[in-house]
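Work through the following exercises with the structure open beside the text. Each task is followed by a solution that goes step by step.

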Amino acid sequence: MESSGRFTPALKALKAQSYDKCQSCGAQLQKDVAAYAGYSTDGTPCYVGPCCLHQVNELASHIYWWWEVDKRVEPGTKLWRYMDLSKFLDLLETKTLFFGRADNLGDPFEGASGVADRESEWDKFYLQFFSETVRNPPSGSPPSEAEVEAHSKRLLQQMRASAEADRKNTFVSCWHANEGESEALWRLYCPPNSSGIALQTTADRLTAALDDSDIELGEVQYVDFRRSFAGLHDRIFWKRSSLRHEAEVRAVFKHRYSEESAGVAKLVDIETLCVSVVPSPFAAAWFGPLIRSVTERYALNLNIAKSELLAQPFF
(Lines give C-alpha, C1' and ligand atoms only; values in the text may rest on other atoms or scores of the structure.)
Protein backbone atom coordinates (compact mmCIF):
# COMPACT_ATOMS: atom_id res chain seq x y z
CA MET A 1 0.00 0.00 0.00
CA GLU A 2 1.43 3.37 -1.05
CA SER A 3 1.77 6.06 1.64
CA SER A 4 -0.13 9.32 1.17
CA GLY A 5 1.82 11.29 3.78
CA ARG A 6 -1.43 12.97 4.90
CA PHE A 7 -1.56 13.59 8.64
CA THR A 8 -4.59 15.35 10.08
CA PRO A 9 -4.36 16.87 13.58
CA ALA A 10 -6.40 13.93 14.89
CA LEU A 11 -4.00 11.38 13.38
CA LYS A 12 -0.99 13.28 14.74
CA ALA A 13 -2.57 13.21 18.20
CA LEU A 14 -3.28 9.47 17.92
CA LYS A 15 0.30 8.77 16.82
CA ALA A 16 1.66 10.78 19.77
CA GLN A 17 -0.38 8.68 22.19
CA SER A 18 0.35 5.27 20.69
CA TYR A 19 4.09 4.58 20.24
CA ASP A 20 4.42 0.75 20.35
CA LYS A 21 0.78 -0.24 20.78
CA CYS A 22 -1.87 -1.19 18.24
CA GLN A 23 -4.81 1.04 19.04
CA SER A 24 -7.31 -1.40 17.58
CA CYS A 25 -6.61 -4.67 19.41
CA GLY A 26 -4.17 -3.42 22.05
CA ALA A 27 -1.30 -5.66 20.91
CA GLN A 28 2.21 -4.65 21.96
CA LEU A 29 4.42 -4.20 18.90
CA GLN A 30 7.81 -5.85 18.86
CA LYS A 31 10.94 -3.87 18.02
CA ASP A 32 11.63 -3.76 14.27
CA VAL A 33 7.90 -4.26 13.56
CA ALA A 34 6.50 -1.08 12.04
CA ALA A 35 3.17 0.44 12.95
CA TYR A 36 0.78 1.82 10.33
CA ALA A 37 -0.80 5.26 10.68
CA GLY A 38 -3.72 6.06 8.41
CA TYR A 39 -7.50 6.10 8.05
CA SER A 40 -10.28 3.54 7.94
CA THR A 41 -12.90 3.51 5.21
CA ASP A 42 -15.03 6.11 7.05
CA GLY A 43 -12.03 8.42 7.54
CA THR A 44 -11.43 7.58 11.21
CA PRO A 45 -7.72 7.89 12.13
CA CYS A 46 -6.07 4.59 13.02
CA TYR A 47 -2.71 3.46 14.35
CA VAL A 48 -2.31 -0.29 14.07
CA GLY A 49 0.18 -3.10 13.84
CA PRO A 50 0.34 -5.79 11.15
CA CYS A 51 -2.34 -7.60 13.17
CA CYS A 52 -4.97 -5.02 12.20
CA LEU A 53 -3.56 -3.65 8.96
CA HIS A 54 -6.73 -4.75 7.14
CA GLN A 55 -8.54 -1.86 8.84
CA VAL A 56 -6.40 0.74 7.04
CA ASN A 57 -8.00 2.07 3.88
CA GLU A 58 -5.56 4.99 3.40
CA LEU A 59 -2.00 4.61 4.68
CA ALA A 60 -0.50 7.91 5.79
CA SER A 61 2.88 6.41 6.70
CA HIS A 62 4.73 3.46 8.15
CA ILE A 63 5.86 4.35 11.69
CA TYR A 64 9.26 3.06 12.75
CA TRP A 65 8.48 3.87 16.36
CA TRP A 66 11.67 2.37 17.85
CA TRP A 67 13.76 5.03 16.11
CA GLU A 68 12.75 7.36 18.93
CA VAL A 69 12.54 6.84 22.67
CA ASP A 70 9.12 6.70 24.32
CA LYS A 71 8.55 10.33 25.40
CA ARG A 72 4.82 10.09 26.08
CA VAL A 73 3.46 12.17 28.94
CA GLU A 74 0.39 11.02 30.86
CA PRO A 75 -2.48 13.47 30.15
CA GLY A 76 -3.00 14.33 33.82
CA THR A 77 0.67 14.98 34.58
CA LYS A 78 1.01 18.20 36.59
CA LEU A 79 3.26 20.74 34.89
CA TRP A 80 4.69 23.97 36.31
CA ARG A 81 6.26 27.02 34.76
CA TYR A 82 7.97 29.51 37.04
CA MET A 83 8.27 33.05 35.72
CA ASP A 84 8.90 36.60 36.84
CA LEU A 85 6.15 39.19 36.85
CA SER A 86 7.10 40.72 33.50
CA LYS A 87 6.76 37.37 31.70
CA PHE A 88 3.40 36.72 33.35
CA LEU A 89 2.12 40.14 32.30
CA ASP A 90 3.33 39.49 28.76
CA LEU A 91 1.38 36.20 28.76
CA LEU A 92 -1.79 38.03 29.86
CA GLU A 93 -1.32 40.92 27.43
CA THR A 94 -0.42 38.97 24.30
CA LYS A 95 -2.21 35.69 25.09
CA THR A 96 0.83 33.91 23.72
CA LEU A 97 3.35 31.42 25.05
CA PHE A 98 6.96 32.08 24.08
CA PHE A 99 8.96 29.27 22.47
CA GLY A 100 12.70 29.93 22.58
CA ARG A 101 14.97 28.88 19.73
CA ALA A 102 16.99 25.84 20.78
CA ASP A 103 20.41 27.45 20.30
CA ASN A 104 19.34 30.39 22.50
CA LEU A 105 18.17 28.41 25.53
CA GLY A 106 21.46 28.74 27.39
CA ASP A 107 22.49 25.07 27.34
CA PRO A 108 25.31 24.36 24.85
CA PHE A 109 24.14 20.72 24.72
CA GLU A 110 20.66 21.53 23.36
CA GLY A 111 20.20 19.22 20.39
CA ALA A 112 23.63 17.65 20.88
CA SER A 113 24.39 14.07 19.91
CA GLY A 114 27.04 13.60 22.59
CA VAL A 115 30.29 14.95 24.04
CA ALA A 116 33.11 16.02 21.74
CA ASP A 117 35.48 13.46 23.32
CA ARG A 118 33.36 10.67 21.82
CA GLU A 119 32.74 12.25 18.43
CA SER A 120 35.00 9.75 16.65
CA GLU A 121 32.92 6.83 18.01
CA TRP A 122 29.75 8.42 16.67
CA ASP A 123 31.32 9.05 13.25
CA LYS A 124 32.71 5.52 13.06
CA PHE A 125 29.33 3.94 13.81
CA TYR A 126 27.44 5.97 11.21
CA LEU A 127 30.15 5.66 8.57
CA GLN A 128 29.83 1.90 8.94
CA PHE A 129 26.04 2.11 8.83
CA PHE A 130 26.07 4.28 5.69
CA SER A 131 28.70 2.08 4.06
CA GLU A 132 26.54 -1.01 4.48
CA THR A 133 23.54 0.81 3.06
CA VAL A 134 25.43 2.20 0.05
CA ARG A 135 27.20 -1.09 -0.58
CA ASN A 136 23.90 -2.98 -0.92
CA PRO A 137 21.59 -0.92 -3.15
CA PRO A 138 18.07 -2.27 -3.74
CA SER A 139 18.74 -2.34 -7.48
CA GLY A 140 21.52 -1.72 -9.98
CA SER A 141 25.21 -2.59 -9.89
CA PRO A 142 27.07 -2.48 -6.57
CA PRO A 143 29.33 0.59 -6.31
CA SER A 144 33.10 0.40 -5.99
CA GLU A 145 34.69 0.67 -2.54
CA ALA A 146 35.95 4.14 -3.41
CA GLU A 147 32.40 5.20 -4.27
CA VAL A 148 31.09 3.62 -1.05
CA GLU A 149 33.62 5.53 1.04
CA ALA A 150 32.99 8.87 -0.70
CA HIS A 151 29.21 8.56 -0.53
CA SER A 152 29.27 7.43 3.12
CA LYS A 153 31.40 10.43 4.13
CA ARG A 154 29.08 12.76 2.26
CA LEU A 155 26.03 11.30 4.07
CA LEU A 156 27.75 11.73 7.42
CA GLN A 157 28.58 15.37 6.64
CA GLN A 158 24.97 16.00 5.61
CA MET A 159 23.68 14.42 8.82
CA ARG A 160 25.99 16.56 10.95
CA ALA A 161 25.03 19.73 9.06
CA SER A 162 21.36 18.90 9.50
CA ALA A 163 21.83 18.47 13.26
CA GLU A 164 23.39 21.92 13.54
CA ALA A 165 20.64 23.48 11.41
CA ASP A 166 17.98 21.86 13.60
CA ARG A 167 19.12 23.97 16.56
CA LYS A 168 18.13 27.11 14.64
CA ASN A 169 14.83 25.68 13.37
CA THR A 170 13.56 24.14 16.62
CA PHE A 171 11.56 26.09 19.22
CA VAL A 172 10.91 24.99 22.78
CA SER A 173 8.66 25.80 25.74
CA CYS A 174 10.00 24.20 28.95
CA TRP A 175 7.88 22.91 31.85
CA HIS A 176 8.63 21.18 35.16
CA ALA A 177 6.76 17.95 35.96
CA ASN A 178 5.99 17.62 39.65
CA GLU A 179 3.03 16.87 41.90
CA GLY A 180 3.83 19.94 43.98
CA GLU A 181 5.92 23.09 44.03
CA SER A 182 9.71 23.07 43.88
CA GLU A 183 11.46 25.38 46.33
CA ALA A 184 14.65 25.07 44.27
CA LEU A 185 12.88 26.36 41.14
CA TRP A 186 11.18 29.14 43.11
CA ARG A 187 14.61 30.31 44.24
CA LEU A 188 16.05 29.97 40.74
CA TYR A 189 13.35 31.81 38.78
CA CYS A 190 11.67 33.98 41.45
CA PRO A 191 14.29 34.46 44.17
CA PRO A 192 13.69 36.41 47.39
CA ASN A 193 13.35 40.18 46.86
CA SER A 194 11.79 39.60 43.44
CA SER A 195 8.22 39.09 42.22
CA GLY A 196 7.00 36.15 40.20
CA ILE A 197 4.46 33.37 39.87
CA ALA A 198 4.21 29.67 39.14
CA LEU A 199 1.63 28.65 36.57
CA GLN A 200 0.30 25.13 37.11
CA THR A 201 -1.30 23.15 34.30
CA THR A 202 -1.52 19.56 33.11
CA ALA A 203 -0.18 17.90 29.99
CA ASP A 204 -3.60 17.57 28.36
CA ARG A 205 -4.57 21.17 29.19
CA LEU A 206 -1.30 22.50 27.75
CA THR A 207 -1.94 20.59 24.52
CA ALA A 208 -5.55 21.80 24.35
CA ALA A 209 -4.62 25.41 25.16
CA LEU A 210 -2.07 25.56 22.34
CA ASP A 211 -4.33 23.65 19.91
CA ASP A 212 -1.57 23.20 17.35
CA SER A 213 -0.97 19.74 15.92
CA ASP A 214 2.57 20.69 14.85
CA ILE A 215 3.62 21.02 18.51
CA GLU A 216 4.97 17.84 20.09
CA LEU A 217 4.83 17.39 23.86
CA GLY A 218 7.40 15.03 25.31
CA GLU A 219 9.26 14.03 28.43
CA VAL A 220 12.95 14.93 28.40
CA GLN A 221 15.36 11.99 28.56
CA TYR A 222 18.43 12.45 30.75
CA VAL A 223 21.60 10.74 29.62
CA ASP A 224 25.20 10.41 30.79
CA PHE A 225 26.96 11.48 27.60
CA ARG A 226 30.18 9.88 28.84
CA ARG A 227 28.52 6.51 28.27
CA SER A 228 25.69 7.11 25.82
CA PHE A 229 24.56 9.23 22.91
CA ALA A 230 21.30 11.06 22.29
CA GLY A 231 18.70 9.57 19.99
CA LEU A 232 19.32 10.35 16.34
CA HIS A 233 15.76 11.46 15.53
CA ASP A 234 14.77 13.26 18.74
CA ARG A 235 17.93 14.91 20.08
CA ILE A 236 15.98 17.95 21.27
CA PHE A 237 14.37 15.75 23.95
CA TRP A 238 17.74 14.58 25.36
CA LYS A 239 19.71 16.45 28.03
CA ARG A 240 22.67 15.80 30.31
CA SER A 241 21.99 13.71 33.41
CA SER A 242 23.33 16.55 35.58
CA LEU A 243 20.07 18.40 34.77
CA ARG A 244 17.82 15.55 35.90
CA HIS A 245 16.49 17.71 38.77
CA GLU A 246 14.62 19.79 36.17
CA ALA A 247 12.21 16.85 35.53
CA GLU A 248 11.41 18.62 32.28
CA VAL A 249 8.55 18.17 29.88
CA ARG A 250 8.86 20.30 26.78
CA ALA A 251 6.61 21.43 23.97
CA VAL A 252 8.52 21.53 20.68
CA PHE A 253 7.90 22.51 17.09
CA LYS A 254 10.10 23.04 14.05
CA HIS A 255 9.93 25.82 11.51
CA ARG A 256 12.32 27.89 9.42
CA TYR A 257 12.44 31.53 10.50
CA SER A 258 15.00 34.23 9.93
CA GLU A 259 18.36 33.98 11.70
CA GLU A 260 17.38 36.99 13.84
CA SER A 261 14.40 35.20 15.38
CA ALA A 262 15.28 34.37 19.01
CA GLY A 263 11.93 32.69 19.51
CA VAL A 264 8.30 32.49 18.47
CA ALA A 265 5.13 33.45 20.35
CA LYS A 266 2.30 30.91 19.99
CA LEU A 267 -1.32 31.80 20.74
CA VAL A 268 -2.62 30.09 23.87
CA ASP A 269 -6.01 29.95 25.59
CA ILE A 270 -5.06 31.13 29.08
CA GLU A 271 -8.15 29.90 30.91
CA THR A 272 -7.76 26.45 29.37
CA LEU A 273 -4.07 26.46 30.24
CA CYS A 274 -4.23 27.53 33.88
CA VAL A 275 -5.26 25.17 36.66
CA SER A 276 -3.88 27.72 39.12
CA VAL A 277 -1.57 30.70 39.41
CA VAL A 278 0.60 30.68 42.53
CA PRO A 279 2.20 33.99 43.63
CA SER A 280 5.77 33.65 44.87
CA PRO A 281 6.07 32.66 48.54
CA PHE A 282 9.02 35.05 48.80
CA ALA A 283 7.03 38.09 47.64
CA ALA A 284 5.49 40.72 49.93
CA ALA A 285 1.99 40.14 51.35
CA TRP A 286 0.42 42.62 48.90
CA PHE A 287 1.66 40.69 45.87
CA GLY A 288 -1.01 37.94 45.90
CA PRO A 289 -3.96 40.36 45.88
CA LEU A 290 -2.22 42.31 43.12
CA ILE A 291 -1.99 39.19 40.92
CA ARG A 292 -5.70 38.54 41.50
CA SER A 293 -6.55 42.14 40.59
CA VAL A 294 -4.44 42.05 37.44
CA THR A 295 -6.02 38.83 36.15
CA GLU A 296 -9.49 40.26 36.78
CA ARG A 297 -8.62 43.35 34.72
CA TYR A 298 -7.92 41.01 31.82
CA ALA A 299 -11.37 39.45 32.42
CA LEU A 300 -9.79 36.12 33.28
CA ASN A 301 -11.33 33.80 35.83
CA LEU A 302 -8.17 32.19 37.18
CA ASN A 303 -7.59 30.31 40.42
CA ILE A 304 -5.04 32.31 42.42
CA ALA A 305 -3.69 29.78 44.93
CA LYS A 306 -1.57 30.20 48.03
CA SER A 307 1.93 28.69 47.83
CA GLU A 308 2.38 25.48 49.78
CA LEU A 309 5.74 26.83 50.91
CA LEU A 310 3.87 29.24 53.17
CA ALA A 311 2.58 26.38 55.33
CA GLN A 312 3.72 26.58 58.96
CA PRO A 313 5.26 23.70 60.91
CA PHE A 314 4.36 22.49 64.38
CA PHE A 315 6.68 20.80 66.84
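A residue is called buried when its relative accessible area is under 20%, exposed when it is over 50%, and partly exposed in between (1.4 Å probe, protein chains only). The model is predicted, so that local features need pLDDT of at least 70 and side-chain atom pairs count only at pLDDT 80 or more, while totals for chains, interfaces and linings use all residues. Residues are numbered from 1 along each chain as its sequence is written, and side-chain values use heavy atoms, with hydrogens and water left out.

**Exercise 1. Two loop residues**

Task: Determine whether Glu 179 is buried or exposed, and whether Arg 235 is buried or exposed.

Solution: Begin by locating Glu 179, which lies in the loop between β6 (170-177) and α5 (183-189); helices (H or I, at least four residues) and strands (E, at least two) are DSSP runs, numbered from the N terminus. Glu 179 has a relative accessible area of 60% and therefore counts as exposed. Leaving aside residues up to four places away in sequence, Glu 179 touches Lys 78 and Trp 80, where contact means heavy atoms within 4.5 Å.

Now turn to Arg 235, in the loop between β9 (221-223) and β10 (238-240). Its relative accessibility is 9%, so Arg 235 is buried. With residues up to four places away in sequence again left out, Arg 235 touches Gly 111, Ala 112, Ser 113, Ala 163, Asp 166 and Ala 230.

**Exercise 2. Positive phi values**

Task: Find in which loop Lys 95 lies and in which loop Asp 211 lies, then classify each by accessibility.

Solution: Lys 95 sits in the loop between α2 and β5 (96-101), and its phi is near 55 degrees, a positive value in a residue other than glycine. Because its relative accessible area is 38%, Lys 95 is partly exposed. Asp 211 belongs to the loop between α6 (203-210) and β8 (216-219), and the phi of Asp 211, a residue other than glycine, is positive too, near 50 degrees. With a relative accessible area of 66%, Asp 211 is exposed.

**Exercise 3. Two helix pairs**

Task: Describe how α2 packs with α8 and how α3 crosses α4.

Solution: Two packed helices are described by the angle between their axes and the distance between the axes. The axes are lines fitted to C-alpha atoms, for helices over the stretch in contact, and angles run from 0 to 180 degrees between N-to-C directions. Angles under 35 degrees count as roughly parallel, over 145 as roughly antiparallel, 65 to 115 as roughly perpendicular and the rest as oblique.

Helix α2 (residues 85-94) and helix α8 (residues 287-297) have axes 11 Å apart and pack at an angle of about 20 degrees, so α2 and α8 are roughly parallel to each other. The contact is formed by Leu 85, Phe 88, Leu 89 and Leu 92 of α2 together with Phe 287, Ile 291, Val 294 and Thr 295 of α8.

For helix α3 (residues 119-135) and helix α4 (residues 145-169), the axes come within 8 Å and cross at roughly 130 degrees, which makes α3 oblique to α4. Residues in this contact include Trp 122, Tyr 126 and Phe 130 of α3 and Leu 155, Leu 156 and Met 159 of α4.

**Exercise 4. The whole chain**

Task: State how many helices and strands the chain has, and what share of its residues is buried.

Solution: The chain has 8 helices and 13 strands, and 41% of its 315 residues are buried.
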